[in-house]
Amino acid sequence: MELTRAQLDAAVMATAVLLRLDRPADAAIRAWFRANPQVGGRDRAFVADTVFAVLRHLGRLEFLAQSRSPRKVVLSALVLLFGRHVRALQPHLRTDEGAWLASIKERSAALPPHTRLSLPEWLYARLLVVYGAEETERIGLSLLEPAPLDLRVNTLLARRDETIATLRASGIEASATAISPTGVRLRGKPSLERHILFKSGHVEVQDEGSQLVALLAEPRRGQMIVDFCAGAGGKTLALGAMMRSEGRIYAFDTSERRLANLKPRLKRSGLSNVHPQLIDSENDVRVKRLAGKIDSVLVDAPCSGTGTLRRNPDLKWRIDEPGVVELTVKQGAILRAAARLPKVGGRLVYATCSLLPEENEMIVADFLTRSPGWKRVDVRPILERFAVTVDGTDDTLRLLPHRHGTDGFFAAILERTA
């Protein structure tokens with residue numbers, strides 16, 4: 001499709017806003033589209049694709065463009081990522097931009113590894129220590145790809161095979177996820193908001209890896225469960241469906257906005273056992289009242305999000321080493337607070353969508369050192385009960401985008417013994 005001047009100008013303007021990196025990219029692009037209603041549907045798709053490609057590859061683009069100018073990184077992306085010929089762009093170029101674009105390819109032969117993978121240098125160095133050169137290369141390349149669109153079938157209302165058949169009948173290419181027993185992977189990014197399966201609560205958008213983390217809580221009918229950092233409730237709803245809407249789930253979060261996003265999803269789901277609770281901190285009186293009474297707690301802790309960089313590429317440029325250190329302090333405090341809730345014999349699932357051990361294994365190890373009366377439980381028998389096998393998993397769950405096709409996740413199961 002031939003590029004228009006309006007498309008280029010819109011992409012540059014949107015990129016300028018998102019390169020401020022002052023809020024999540026998905027929220028920023030939605031706000032930009034609302035503020036620019038003159039940009040039509042087809043042009044919106046072009047703008048969104050271009051902006052997110054720029055964010056994914058920003059390190060390489062600004063290195064080769066020798067600038068973070070929105071116009072220069074967009075033009076660089078069109079040539080290097082989308083295969084546009086400089087000659088075809090010529091009608092839209094300013095003086096000397098044609099020669100400048102042609103020179104970019106000459107500079108792309110030898111790039112530092114972190115630049116070639118468009119990773120911040122500190123993050124590349126950290127991954128190198130943890131995973132080694134070969135695995136880091138594969139991880140970095142996988143994080144440059146857009147994430148697939150996964151759905152979780154609400155097993156309270158639907159079956160996966162029937163759901164896939166309905167999606168295909170409506171012209172959406174769908175297949176069963178490779179690992180999750182309740183997942184469906186779609187080809188492309190079809191609009192789902194008006195689809196009958198979405199409106200009726202038969203499906204929810206949820207990454208396959210997130211679905212697997214919810215399985216580890218292994219909730220049963222009639223139990224009392226706490227989703228300690230519920231957010232918009234993706235895992236909460238998965239837990240409720242596994243419980244067949246029996247028992248009680250407390251969905252805690254400190255953000256009223258996030259819990260507000262749960263309400264319409266909860267209404268669609270058909271669940272009656274979910275109770276959203278706004279708390280002011282992990283030490284809220286609502287938490288303390290449940291101490292020693294809960295069968296299972298899921299702690300999907302706030303983290304760097306390095307496992308989600310395919311879908312949240314802006315995080316690469318919004319997080320830094322001091323920020324990760326701050327998060328580890330918060331993660332430890334949240335885990336210790338949540339550990340008050342399970343009764344003896346009860347369990348706690350600690351999970352993050354981080355690739356960094358300081359947010360994962362090290363948090364769990366520190367907790368166990370400080371907390372007698374707790375032990376770690378092997379995740380593999382629980383996954384096997386759901387007929388799930390995850391390549392490379394030991395007694396904790398580790399998911400990597402290049403290996404499993406999911407977001408990057410870590411999860412460990414802890415059991416209270418005294």
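This passage describes a four-stranded sheet and the surroundings of residue E415 in a predicted model.

The sheet is open and contains 4 strands. Their order is β2-β3-β1-β4, with antiparallel pairing. Strands β2 (174–176) and β4 (203–205) stand at the edges. Each has a single partner strand, so one side of each is left without a neighbour in the sheet. On average, neighbouring strands of this sheet are turned by 35 degrees against each other, direction ignored. Strands of a sheet pair through backbone hydrogen bonds, either parallel or antiparallel.

The pairing of β1 (residues 149–153) with β4 is antiparallel and runs over 3 bridges. V153 has V203, in β4, as its bridge partner. A helix also meets this sheet. Helix α12 (residues 208–216) lies across β1 and β3 (183–186). The helix runs at about 35 degrees to β1.

E415 belongs to another strand, β12 (residues 409–416). Its relative accessibility is 15%. Buried means under 20%, so E415 counts as buried. Beyond residues up to four places away in sequence, E415 touches G345, G346 and R347. E415 also touches G373, W374, K375 and V377. With R347, the link includes a polar contact: the side chains of E415 and R347 are joined at 2.9 Å.

The separation of E415 from L157 was also computed. The two residues are 258 residues apart in sequence. In space they lie 32 Å apart, C-alpha to C-alpha.

Notes:
Residues numbered from 1 in each chain as written. Predicted model: local features only at pLDDT ≥ 70, side-chain atom pairs only at ≥ 80, totals over all residues. Heavy atoms only, no water. Helix = DSSP H or I, 4+ residues; strand = E, 2+ residues; numbered from the N terminus. Buried < 20%, exposed > 50% of the residue type's maximum accessible area, 1.4 Å probe, protein only. Contact = heavy atoms within 4.5 Å. Polar contact = N/O pair within 3.5 Å; in protein donor to acceptor, adjacent residues only side chain to side chain. Pairing = 2+ DSSP bridges. Axes fitted to C-alpha atoms, helices over the stretch in contact; angles between N-to-C directions.
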